[in-house]
Amino acid sequence: MYKRFPEHFIWGGATSAYQIEGAWNTGGKGPSIWDVFCMIPGKVHNGDTGDVACDHYHRLAEDVALMQQIGLKAYRFSISWPRILPAGRGAVSPQGIAFYNELIDRLLGAGIEPWVTLYHWDLPAALEFELGGWLGDAISDTFADYASVCFHHFGDRVKNWITLNEPWVVAILGYGLGVFAPGRVSNVAPYQAGHNLLKAHAKAVRLYREKYQAPQQGQIGITNNCDWREPHTAAAQDRDAAQRALEYFLAWFADPIYMGDYPECMKTRLGARLPKINAADRELLLGTSDFFGLNHYTTMYAAAAAPGGAAEGSVYGNGGLSEDQDVALSISTDWALTDMNWAVVPWGCRKLLEWIAGRYGNPPLYITENGCAFNDKPENGRVHDPDRIAFFEGYLSEIHQAMQNGVNLRGYFIWSLLDNFEWASGYSKKFGITWIEPDTLRRIPKDSADWYRKVIINNGLII
Ligand code: GAL
């Protein structure tokens, strides 16, 4: 059976700067909060760091050749803010500009469209010290200034911009649970950080639209992440719990942009802990995304929990500060797990796409990340990864079905192009099981890469 995708569907691969570049203190780069976070004992599994990572900074040409070999039509990467502005603001580093110029030019030379994320979590450390990071009042303007430097230098060739990657992760894991940089623990800070992240996004978009969009003819949007939340039972209270969980996860950041305010359930439950969107904020935020960027990985059941009874499971599983939601999350024992213990539930992806289309008026949508980690073992210089192929086959089939059902999906980026630094998990799975050794990192040919190449050539799945 041939599951064909529309003619101009974008088939891509994605990475982020800190996870692959290395060269953390060379080429004029300043330190980021992830460089600092990794130095703090106990923060990152095994004491791993992104100091070298995939050494992409030095192996650029080789990596673009790899993309060409897979047949990628688009490549989503992020710009390291402190590589461009070593102190976060002020002086621009010519070496930083030169590095991304070379990357962009090589991509275009190889017929690969660059998709650029401006912020994938590596805030210049100077701004954490001097401005209080995402909690500071000045951060949104400072971000817009940085964005402007990027539009100015790269916008003649970059036509697809993503302001922020996953503000939910920055707010909840960075400023709520403290497991990601900068490591703050609070039940107030995430909502303040979230508010500033939204304003930063909107100010960068406004600036792009006023100054650059007409001459440069590009599009700009934001990427949010969301898992699917399936009601645990058909009972009304579980259906409400699932809806509430989705609103705390995705609508927190998407409603202000598409509807001009935070979801009602967050406003009533959080009270004064959630900053207010006033008339000026509303005007700033509304309509500031040319497309809906979505990172999606997994699904969980959601059930209503008694107040205070929801805080079980892992930090990744809780969906944030779960006591604010009164939602208990669980998974089915029938579901296969990836090596990050994320359940493989392709139909959850379809349901989420349909939920987004329904709530936000079927906007143009791109899946900017989807993928899985498995315990890959190279055999004779190759990785045979049937589980990964099955994962992609399952997800792409359901994505195709969502499009048949009317969802306006325009593209799909696999995570990730290269095996890389997985944040607090470092290069190996927590709790002792290694999935990839740093010295065998990346570039080991995978069966799934050949499979993806066929999908791209056929512009669809032949099952
Ligand atoms: C996303 C993130 C990526 C990567 C991925 C899982 O949340 O944007 O950087 O960590 O999860 O591998």
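Strands here are DSSP runs of at least two residues, numbered from the N terminus. With that settled, good morning. The structure before you is a predicted model, and I shall take you through several of its local features.

I begin in strand E6, residues 219-225, where Asn-224 is placed. Is Asn-224 buried or exposed? Its relative accessibility is 4%, and therefore Asn-224 counts as buried. Setting aside neighbours within four places in sequence, Asn-224 is in contact with Glu-166 and Pro-167, with Leu-250, Phe-253 and Ala-254, and with Gly-293, Leu-294 and Asn-295.

One of those partners, Pro-167, takes us to helix H8, which spans residues 167-175. How many residues of H8 are buried? The count is 9 of its 9 residues, and the helix is mostly covered. Pro-167, Trp-168, Val-169, Val-170 and Ala-171 are among these buried residues, as are Ile-172, Leu-173, Gly-174 and Tyr-175. What do they pack against? Their partners include strand E4 (113-119), helix H6 (125-131) and strand E5 (160-165). The buried residues of H8 also pack against H9, E6 and H10.

Let me now turn to H9 and H10 themselves. Helix H9 covers residues 189-216 and helix H10 covers residues 236-258. They pack at an angle of about 40°, and their axes are 10 Å apart. Why is this pair called oblique? Angles under 35 degrees count as roughly parallel, and roughly perpendicular begins at 65; H9 and H10 are therefore oblique to each other. Their crossing is right-handed. On the H9 side, the contact involves Pro-190, Tyr-191, Gly-194, Leu-198 and His-201. Facing them in H10 are Tyr-248, Trp-252, Phe-253, Pro-256 and Ile-257. By class, this contact holds 8 nonpolar and 2 polar residues, and no charged ones. As a general point, an α-helix has 3.6 residues a turn, so residues three or four places apart point the same way. Phe-253 of H10, which meets H9, is also one of the residues in contact with Asn-224.

A second helix pair may be set beside this one. H3 and helix H5, the latter at residues 94-109, pack at an angle of about 30°, with axes 10 Å apart. That makes H3 roughly parallel to H5, since angles under 35 degrees fall in that class. H3 passes H5 in a right-handed crossing. Leu-60, Ala-61, Val-64 and Met-67 in H3 meet Phe-99, Glu-102, Leu-103, Arg-106 and Leu-107 in H5. The residues of this contact divide into 7 nonpolar and 2 charged, with no polar ones.

I move on to the cysteines. How many disulfides does the model contain? The count is 0. Cys-54 takes part in no disulfide, and the nearest cysteine sulfur, that of Cys-38, is 14 Å away. Cys-54 is buried, at 2% relative accessibility. Why does Cys-226 form no bond with Cys-349? Their sulfurs are 11 Å apart, and Cys-349 holds the closest cysteine sulfur to Cys-226; a disulfide requires the pair to be within 2.5 Å, so the distance is too far for a bond. Cys-226 is also buried, with a relative accessible area of 0%.

Next, the backbone. In general, most residues other than glycine have a negative phi, and most peptide bonds are trans. Two alanines have positive values. Ala-23, in the loop between helix H1 (17-20) and helix H2 (33-39), has phi near 45°. Ala-23 is buried, at 7% relative accessibility. Ala-53, in the loop between H2 and helix H3 (60-70), has phi near 50°. Ala-53 is likewise buried, with a relative accessible area of 13%.

There are also cis peptide bonds to report. The bond from Ala-181 to Pro-182 is cis, with omega near 5°, and Pro-182 is in the loop between H8 and H9. Another cis bond joins Trp-415 and Ser-416, with omega about 10°. Ser-416 is found in the loop between E14 and helix H15 (447-458).

I close with Val-407, which lies in the loop between helix H14 (386-404) and strand E14 (409-415). Val-407 has a relative accessible area of 7% and is buried. Which residues does Val-407 touch? Not counting residues up to four places away in sequence, Val-407 touches Leu-353, Glu-354, Ala-357, Asn-362, Leu-365 and Ala-402. Val-407 and Glu-354 are 53 residues apart along the chain, yet their C-alpha atoms are separated by 6.4 Å.

Methods: Residues are numbered from 1 along each chain as its sequence is written. This is a predicted model: local features need pLDDT of at least 70, side-chain atom pairs count only at pLDDT 80 or more; totals for chains, interfaces and linings use all residues. Side-chain values use heavy atoms; hydrogens and water are left out. Buried means under 20% relative accessible area, exposed over 50%, partly exposed in between (1.4 Å probe, protein chains only). Axes are lines fitted to C-alpha atoms, for helices over the stretch in contact, and angles run from 0 to 180 degrees between N-to-C directions. Helices (H or I, at least four residues) and strands (E, at least two) are DSSP runs, numbered from the N terminus. Angles under 35 degrees count as roughly parallel, over 145 as roughly antiparallel, 65 to 115 as roughly perpendicular and the rest as oblique. A crossing is left-handed if the near helix is turned anticlockwise from the far one by less than a right angle, and right-handed if clockwise. Contact means heavy atoms within 4.5 Å. Ala, Val, Leu, Ile, Met, Phe, Trp, Tyr, Cys and Pro count as nonpolar, Asp, Glu, Lys and Arg as charged, and the others, Gly among them, as polar.
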